[in-house]
Amino acid sequence: MKNCMNFSLVLKEKALYLLLLILGFAAGFVTANAHPTGLAVLSPQDVAGKVLSYINNNLVQPGSSASLIGVEEISGIYKIITEYRGRKIPVYATKDGSFLFISRPLNLSQNLSMLTKEETASCEDLPKSQTPKLEAFVVSYCPFGLQMQRILSEIVKEVPQLKNYIKIRYMGSVTQGKITSMHGEREAQENLRQICIREEQGEKFWDYISCFIKHGNTTACLDEANIDTEKLNACMRDGNRGLKYAQEDFDLQSKYHVTGSPTLILNGKRVDEFDFGGRSANAVKTLLCCGFAAEPEYCKRNLTTATAATGFSPVYSSHQGGSGRC
């Protein structure tokens, strides 16, 4: 079982440097090991793995962890994108894996004034489509996955037209003909249950989700949503149905390099709800509507800006708000 990331992050961008505080470590320059430079060049994946291991072993609270989003080579070094408390944090490392730079390198071709700008996406930056698709990758017992399901359920309730452009997908794997998930067998089976409802009784999917996120009472929610349990159970037992649907989600999880619940993909591109206001119905609605080539009138409706509750909750918002990922 993976721990949900509940650790805190302070990220400030200044004119001359990027300051990252993790447990009191002032960002600047740290070595990943004691070896001198001049070692053989390692692959981007090897260096990214080494860097992530170093961060998780030295710079985060015990029991919590950062995750890897991606890595690329820029100007002779590796830029490694990590995720920390729901935020994308770039770090940099030499190609031999010897040195880790937490502060952002200065680009000598840029004016210093350009370095003060926040690297956040705007509506214009997002990919457009006549029929946009927002895919939300979650696992069913992750408190932050439940938070995102709560947000999407609220959007569907308040702006029903957007239902056709939202799809909840699930993280996990199929191993030896059995579905697995990060929080164990109960979660794996609930993921499969929700997948089968989504694929074969889709008109009842949001009714089930809106019930499940309140207390996690599967039996009561199946009854409340009027789910055909015989059809559902057959789907969950049939590898050519339930597991096939699940594998499609897991293949997309791999394609998009999804590592945390929740993760949003808009029109095939990873997007960040925090660029649009965070974990609220209005922020995620705005993000989704930015995916339209021509924004429909119903996108102008303002929804709640309150941060949605995490975990199981009978109400949309509570003191149990947060912004992490599992």
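This is a short talk on helix 6, the disulfides, the nonpolar cores, a strand hairpin and some backbone outliers in one predicted model.

I will start with helix 6, which spans residues 229–237. Which of its residues are buried? They are L232, C235 and M236. These three sit on the same side of the helix, because the arc they cover around the axis is only 95 degrees. As a reminder, an α-helix has 3.6 residues a turn, so residues three or four places apart point the same way. On the face turned away from the buried side, helix 6 carries the exposed residues E230 and R237.

What covers the buried residues of helix 6? The cover includes helix 3, residues 185–200, helix 5, residues 218–224, and helix 7, residues 239–255. At the N-terminal end, helix 6 is capped by D228. A side-chain oxygen of D228 lies 3.2 Å from the backbone nitrogen of E230. So E230 comes up twice: as the partner in that cap, and as one of the exposed residues on the outer face.

C235 takes us to the disulfides. How many does a search of the whole structure find? The search gives 5, and I will go through some of them.

C235 of helix 6 is joined to C196, with an S to S distance of 2.1 Å. C196 is in helix 3, and the two cysteines are 39 residues apart. Recall that helix 3 is also part of what covers the buried side of helix 6. Both C196 and C235 are buried. The torsion about their S-S bond is -80 degrees, a left-handed link.

The next one joins C123 to C290, S to S 2.0 Å. C123 lies in the loop between strand 8 and strand 9, while C290 lies in the segment after helix 8, and 167 residues separate them. This link is also given as left-handed, with -120 degrees about the S-S bond. As for exposure, C123 is partly exposed, at a relative accessible area of 25%, whereas C290 is buried, at 3%.

Then there is the disulfide from C142 to C326, again with S to S 2.0 Å. C142 is in the loop between strand 9 and helix 2, and C326 is in the segment after helix 8, so this pair ties together parts that are 184 residues apart in sequence. The torsion about the S-S bond is about 90 degrees, so this disulfide is right-handed. C142 and C326 are both buried.

Now the nonpolar cores. The largest has 56 residues, and L152, I155 and L162 are the ones that touch the most other members. Helix 4, residues 205–215, contributes the largest share, 7 residues. Taking I155 as an example, and leaving aside neighbours within four places in sequence, what is I155 in contact with? The list is P160, L162, I166, A281, V284, K285 and L303. L162 is thus a contact of I155 and also one of the residues that touch the most other members.

Another core lies apart from that one; it has 17 residues, among them A48, Y78, I89 and I102.

Next, strands 5 and 6. Strand 6 covers residues 77–84, and 7 of its 8 residues are buried. Strand 5, residues 67–74, runs antiparallel to strand 6, and 7 bridges join the two. Within this pairing, E72 stands opposite K79. The two strands form a hairpin with 2 residues between them. One residue in that turn, S75, has a positive phi of about 50 degrees.

That brings me to the remaining backbone outliers. Most residues other than glycine have a negative phi, and most peptide bonds are trans. Q176 has a positive phi, near 50 degrees. Its place is the loop between strand 11 and strand 12, and Q176 is exposed, with a relative accessible area of 81%. N267 has a positive phi as well, about 50 degrees. N267 is in the loop between strand 13 and strand 14, and at 23% relative accessibility it counts as partly exposed.

Where is the cis peptide bond? The bond joins S261 and P262, with omega about 5 degrees. P262 is in the loop between helix 7 and strand 13. Helix 7 has appeared already, as part of the cover over helix 6.

Notes. Residues numbered from 1 in each chain as written. Predicted model: local features only at pLDDT ≥ 70, side-chain atom pairs only at ≥ 80, totals over all residues. Heavy atoms only, no water. Buried < 20%, exposed > 50% of the residue type's maximum accessible area, 1.4 Å probe, protein only. Helix = DSSP H or I, 4+ residues; strand = E, 2+ residues; numbered from the N terminus. Arc of directions from axis to C-beta. Contact = heavy atoms within 4.5 Å. Polar contact = N/O pair within 3.5 Å; in protein donor to acceptor, adjacent residues only side chain to side chain. Disulfide = S-S within 2.5 Å. Core = buried A, V, L, I, M, F, W, Y, C linked by side-chain atoms within 4.5 Å. Pairing = 2+ DSSP bridges.
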